[in-house]
Amino acid sequence: MDDHDVDAYAKLLRRVNSPRVVVDNDACEHATVIQVDTVKRQVALLEVVQVLTDLNLAITKAYMSSDGVWFMNVFYVTDDHGNKIRDEGIFNCIEKALESDACMVNSTGKILLSKDHNLIELTGTDRPGLLSEVCAVLTDLRCNVVSAEIWAHNARAAAVIHITDQSTGAAIEDPRKLSLIKKLLYNVLKDHGDFRTPIVSISAPGEIHTGRRLHQMMFAARDFERPDSEIDGSVRPDVTVLDCPGRDYTVVTATSIDRPKLLFDTVCTLTDMQYLVFHGAVVTDSKKAYQEYYIRHVDGFPTSSEAERQRVIECIQAAIERRASEVLLYLLL
C-alpha cells in the first residue's frame with residue numbers, strides 16, 4: 001500500500017468514525033456542557049480544544065478520558081460574558097470543524113493565506129525596539145503588514161507576519177525583493193552576544209493556525225530554558241510531574257492564574273512534545289485554574305528520567321507564560 005492509499009484509508013476511517021458532539025444546556029446551571037467523542041489519535045484532544053478556543057468559548061471545566069480506541073471529552077463552556085451558549089450556529093460550526101481535515105474555524109486563531117499574501121516567520125533574541133525595527137524594514141521596502149502576531153518570553157521572540165506588496169496589494173513575487181527582505185530582517189534579529197542563530201523564513205501561501213505555530217516556534221527556540229538573568233523571583237505556574245505507580249502513566253499537574261486559551265496552550269505543548277493525554281481534568285474558578293493530565297510518550301511509555309520530568313515542567317511553565325506577552329497587529333489594506 002503506497003502513501004496515497006494509506007492517506008485515503010485514514011480519511012475513510014475518519015469519515016466512518018466522525019466525532020460525535022452532544023450539547024446539553026440543562027445539565028449545569030452556569031455553563032453549556034459539550035461532550036465530544038472521537039477516535040483516539042495523538043492530536044484528537046488538541047483539535048477539539050483548538051476549535052472551542054477559536055470560537056472564543058471560555059472553558060470553565062473539562063474532563064477527558066480514553067477507553068480503547070475512543071476518546072471522550074466533556075467541556076463546560078460559556079461565552080465572553082459568562083453566559084450559556086444559545087447560538088445553534090456555534091454548535092453546527094463545532095461539528096463541521098471537527099469533521100474537516102483542517103479542524104479550524106473562522107476566527108482570529110485561524111489565518112487562511114490567499115495567493116495575495118506572503119507569510120514571514122521570525123525567531124530570535126528579544127530586545128527593546130525589536131518590533132519597531134522589523135516594521136521599519138518592511139515599511140522601507142514598501143510592504144503592507146496585513147496582520148502580525150508576536151510573542152516574547154525568556155529573552156526569545158517569535159513572530160508570524162502577513163504582508164503584501166504596497167504597490168500592487170498582492171503577494172510579492174520578485175525573488176530578489178524577497179531575498180532582500182529576508183536578509184535585512186535577519187540582520188535586525190542578529191545578536192552578536194547570543195550563540196543562537198535567528199531564523200527568518202518567507203513561505204508561499206498556505207493555511208496555518210497562528211497560536212499553534214507560535215508555540216512550535218518558541219519551543220524550537222528553547223524558550224523554556226530560563227536564563228539566570230531572567231530569574232526575578234516572580235510567581236511562576238506551579239507544575240509537578242510524577243510517576244503513577246502501577247498504571248504506567250506520568251501525572252502532570254499545573255496550578256496557575258486562569259485566563260483565556262490556557263487549556264489550548266497546555267495541550268498544544270504536550271502534543272508538540274510527543275505526549276498523549278489518556279485522562280485529564282481541568283477546573284477553574286474566578287482567579288485560578290487547576291489542570292491534571294495522565295500522559296504517556298507516543299512510544300507508549302511514561303517519562304523515564306528526572307531530566308525528562310524536569311523538561312516537561314519547564315515546557316508547561318513556558319506554555320502558560322508565553323501568551324502574557326503576545327502582541328497583535330491588524331492593519332487593514
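This report describes the overall make-up, the enclosed and open spaces, and two buried loop residues of a predicted protein model.

**Overall make-up**

The protein is built from eight helices and 15 strands. It has 333 residues, and 47% of them count as buried. Among contacts with a separation of 6 or more, 72% join residues 24 or more positions apart. The exposed area comes to about 16900 Å², of which carbon and sulfur atoms supply 53%.

**Pocket and cavity**

The count of cavities of 30 Å³ or more is two. The table sets the largest pocket beside the largest cavity.

| Space | Volume | Lining residues | Nearest the centre | Lining make-up |
|---|---|---|---|---|
| Largest pocket | about 410 Å³ | 19 residues | A58, I59, R259, P260 and K261 | nine nonpolar, five polar, five charged |
| Largest cavity | about 130 Å³ | 15 residues | R41, Q42, L45, L276 and V277 | eleven nonpolar, two polar, two charged |

The 19 residues that line the largest pocket include A58, I59, R259, P260 and K261, which lie nearest its centre. Two or more lining residues of this pocket come from each of strand 3 (58-67), helix 7 (262-272) and strand 13 (275-284).

For the largest cavity, the elements that each supply at least two lining residues are helix 2 (44-54), helix 7 and strand 13. Strand 13 gives the largest share, with four residues. Helix 7 and strand 13 therefore appear in the linings of both spaces, the largest pocket and the largest cavity, under the element numbering used here.

**Helix 2**

Which residues of helix 2 are buried? The list is A44, L45, L46, E47, V48, V49, Q50, V51, L52, T53 and D54. Because eleven of its eleven residues are buried, helix 2 is largely enclosed by the rest of the structure. The list includes the charged residues E47 and D54. One of the buried residues, L45, is also among those closest to the centre of the largest cavity. After helix 2 comes N56, which has a positive phi near 60°.

**Helix 6 and the loop that follows**

Helix 6 spans residues 210-220, and its buried residues are T210, G211, L214, H215, M217, M218 and F219. Just after this helix, R222 has a positive phi of about 60°. The loop between helix 6 and strand 11 (238-244) holds A221, and D223 is found in that loop as well.

Is A221 buried or exposed? Its relative accessibility is 8%, so A221 counts as buried, the cut-off being under 20%. Leaving aside residues up to four places away in sequence, A221 touches T123, R156 and R196. The C-alpha atoms of A221 and I199 are 9.3 Å apart, while the two residues stand 22 apart in sequence.

D223 has 0% relative accessibility and therefore counts as buried. With residues up to four places away in sequence left out, D223 touches H153, N154, R156, M218, A318 and R322. M218 is one of the buried residues of helix 6, so this contact ties the loop residue D223 back to that helix. R156 is a contact of A221 and also of D223.

Conventions:
Residues are numbered from 1 along each chain as its sequence is written. This is a predicted model: local features need pLDDT of at least 70, side-chain atom pairs count only at pLDDT 80 or more; totals for chains, interfaces and linings use all residues. Side-chain values use heavy atoms; hydrogens and water are left out. On a 1 Å grid over the protein atoms alone, a cavity is a set of points where a 1.4 Å probe fits but cannot get out, and a pocket is an open set with protein on both sides within 12 Å along at least five of seven lines; lining residues have an atom within 4 Å of a point. Grid points are joined across faces, edges and corners, and a volume is the space filled by probe spheres set on the points. Buried means under 20% relative accessible area, exposed over 50%, partly exposed in between (1.4 Å probe, protein chains only). Contact means heavy atoms within 4.5 Å. Accessible areas come from the Shrake-Rupley method with a 1.4 Å probe; for residues, only the protein chains shown count as cover.
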